[in-house]
Amino acid sequence: MAWIPAESAVEELMPRLLPVEPCDLTEGFDPSVPPRTPQEYLRRVQIEAAQCPDVVVAQIDPKKLKRKQSVNISLSGCQPAPEGYSPTLKWQQQQVAQFSAVRQNVNKHRSHWKSQQLDSNVTMPKSEDEEGWKKFCLGERLCAEGAIGPTISESPGIDYIQATVTSVLEYLGNWFGERDFTPELGRWLYALLACLEKPLLPEAHSLIRQLARRCSAVRLLVDNKDDERVPALNLFICLVSRYFDQRDLADEPS
């Protein structure tokens, strides 16, 4: 086998983007000082490249790799509706059409609402204030005793930033994960879903799927199919599955 110079072998694997001929420089060329001509700059690059090792080995701390290596993601669907609890396909289609109209109205007036001043007696919590948002949305009666009060936001108007919408959806989802469904919760969840922009961010995608699964789990605990919670729970499962295209979570029409 013929011997191939190291520079030639490297060049075969990584061809030069712009071939550069050897630079003819004066004997007084000093690579330690800033280049004064294009030739001196190119020569300095050649010298620095020649000093780079052919192989570089990363120094990795194995202890850091042992932390949080496993992430559990639930891929389960919704709990099947008990007999007589599942809505008809026509009802689901009507809810999707109505929800679509609401979202169009929200988008139409979004810029107008953002420019409006809040009433003097209204103070919105900051985005990261979970307990404050729970109290703001659900009221003192539904929130846990001793919860931290809302932190006043400096924003003068109603702001529909997606990060805030997603955060509040997460906070209310956390609350719903440990408690029963209430009308106050339902109104806010519907409003937040109406403000979610498509395509969904990964966080929002995960949150709405959790919401649908939680609704199906709560529905199993309802003793009477005529309970007022059943249509509301069906509605959120319907919107998540049929409007936001999470078809694997959809109820089988009755």
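# Nine helices, question by question

Modeller: The protein has nine helices and zero strands. This is a predicted model.

Biologist: What pattern does the protein follow, read along the sequence?

Modeller: Start from the element counts: nine helices, zero strands. With no strand to place, the pattern along the sequence is α-α-α-α-α-α-α-α-α.

Biologist: What percentage of the contacts between residues at least 6 apart join residues at least 24 apart?

Modeller: Take the contacts in the protein between residues at least 6 apart in sequence. Those joining residues at least 24 apart make up 71%.

Biologist: How much of the protein is buried, and what share of the exposed area do carbon and sulfur atoms supply?

Modeller: Of the 254 residues, 31% are buried. The protein exposes about 17500 Å². The share of that area supplied by carbon and sulfur atoms is 54%.

Biologist: Which helix gives the largest share of the largest nonpolar core?

Modeller: This core holds 45 residues. Helices α4, α5, α6, α7, α8 and α9 each supply at least two of them. Ten residues, the largest share, come from α9.

Biologist: Which residues touch the most other members of that core?

Modeller: In soluble globular proteins, nonpolar side chains tend to be buried together. Here Leu185 shows some of the packing: beyond its sequence neighbours up to four places away, Leu185 touches Leu138, Leu172, Trp175 and Phe176. The residues that touch the most other core members are Phe99, Leu172, Phe176, Leu185, Leu193, Leu196 and Phe236.

Biologist: Which residues of α5 are buried?

Modeller: Helix α5 covers residues 130-138. Gly139 follows α5, with a positive phi near 90 degrees. Within the helix, the buried residues are Gly132, Trp133, Lys134, Lys135, Cys137 and Leu138.

Biologist: How many aromatic pairs are there?

Modeller: A pair of aromatic rings is described by the distance of the centres and the angle of the planes. Centres must lie within 6.5 Å to pair. By this rule the count is six.

Biologist: How many residues apart are Phe99 and Tyr190?

Modeller: Phe99 and Tyr190 form an edge-to-face pair, 5.3 Å centre to centre, with 80 degrees between the planes. Phe99 is in helix α4 and Tyr190 in helix α7, so the pair links distant parts of the chain. Both residues are buried. Along the chain they are 91 residues apart.

Biologist: What is the angle between the planes of Phe176 and Phe181?

Modeller: Phe176 and Phe181 are both buried. Their ring centres are 5.9 Å apart, and the pair is edge-to-face. An edge-to-face pair needs planes over 60 degrees apart. Here the angle is 70 degrees.

Biologist: Which residue has its charged end over the ring of Tyr243?

Modeller: Tyr243 forms one aromatic cluster with Phe99, Tyr190 and Phe244. A charged end sits over the ring of Tyr243, 4.6 Å from its centre. That charged end belongs to Lys198.

Biologist: Which residue has its charged end over the ring of Phe176?

Modeller: Phe176 is buried. The charged end in question sits 5.3 Å from the centre of the Phe176 ring. The residue is Arg214.

Biologist: Is Arg219 buried or exposed?

Modeller: Arg219 lies in helix α8, residues 202-220. Its relative accessible area is 0%. Buried means under 20%, so Arg219 is buried.

Biologist: Which side chain makes a polar contact with the side chain of Arg219?

Modeller: Beyond its neighbours within four places in sequence, Arg219 is in contact with residues including Tyr85, Ile237 and Asp251. A polar atom of its side chain also lies 3.3 Å from the backbone oxygen of Gln79. The side-chain partner, at 2.5 Å, is Asn234.

Biologist: Where is Pro199?

Modeller: The peptide bond from Lys198 to Pro199 is cis, with omega near 0 degrees. Pro199 belongs to no helix here: its place is the loop between α7 and α8.

Biologist: What is the relative accessible area of Asp245?

Modeller: Asp245 is found in the segment after α9. Its phi is positive, near 65 degrees, and the residue is not glycine. Asp245 is partly exposed, with a relative accessible area of 47%.

Biologist: What distance separates the C-alpha atoms of Asn174 and Glu130?

Modeller: Asn174 lies in helix α6. Asn174 is partly exposed, at 35%. Along the chain, Asn174 and Glu130 are 44 residues apart. Their C-alpha atoms are separated by 9.6 Å.

Definitions and conventions
Residues numbered from 1 in each chain as written. Heavy atoms only, no water. Helix = DSSP H or I, 4+ residues; strand = E, 2+ residues; numbered from the N terminus. Buried < 20%, exposed > 50% of the residue type's maximum accessible area, 1.4 Å probe, protein only. Polar contact = N/O pair within 3.5 Å; in protein donor to acceptor, adjacent residues only side chain to side chain. Contact = heavy atoms within 4.5 Å. Phe/Tyr/Trp six-rings, centres within 6.5 Å; stacked < 30°, edge-to-face > 60°. Lys NZ or Arg CZ within 6 Å of the ring centre and 35° of its normal. Core = buried A, V, L, I, M, F, W, Y, C linked by side-chain atoms within 4.5 Å. Areas by Shrake-Rupley, 256 points an atom, 1.4 Å probe, with all protein chains shown as cover.
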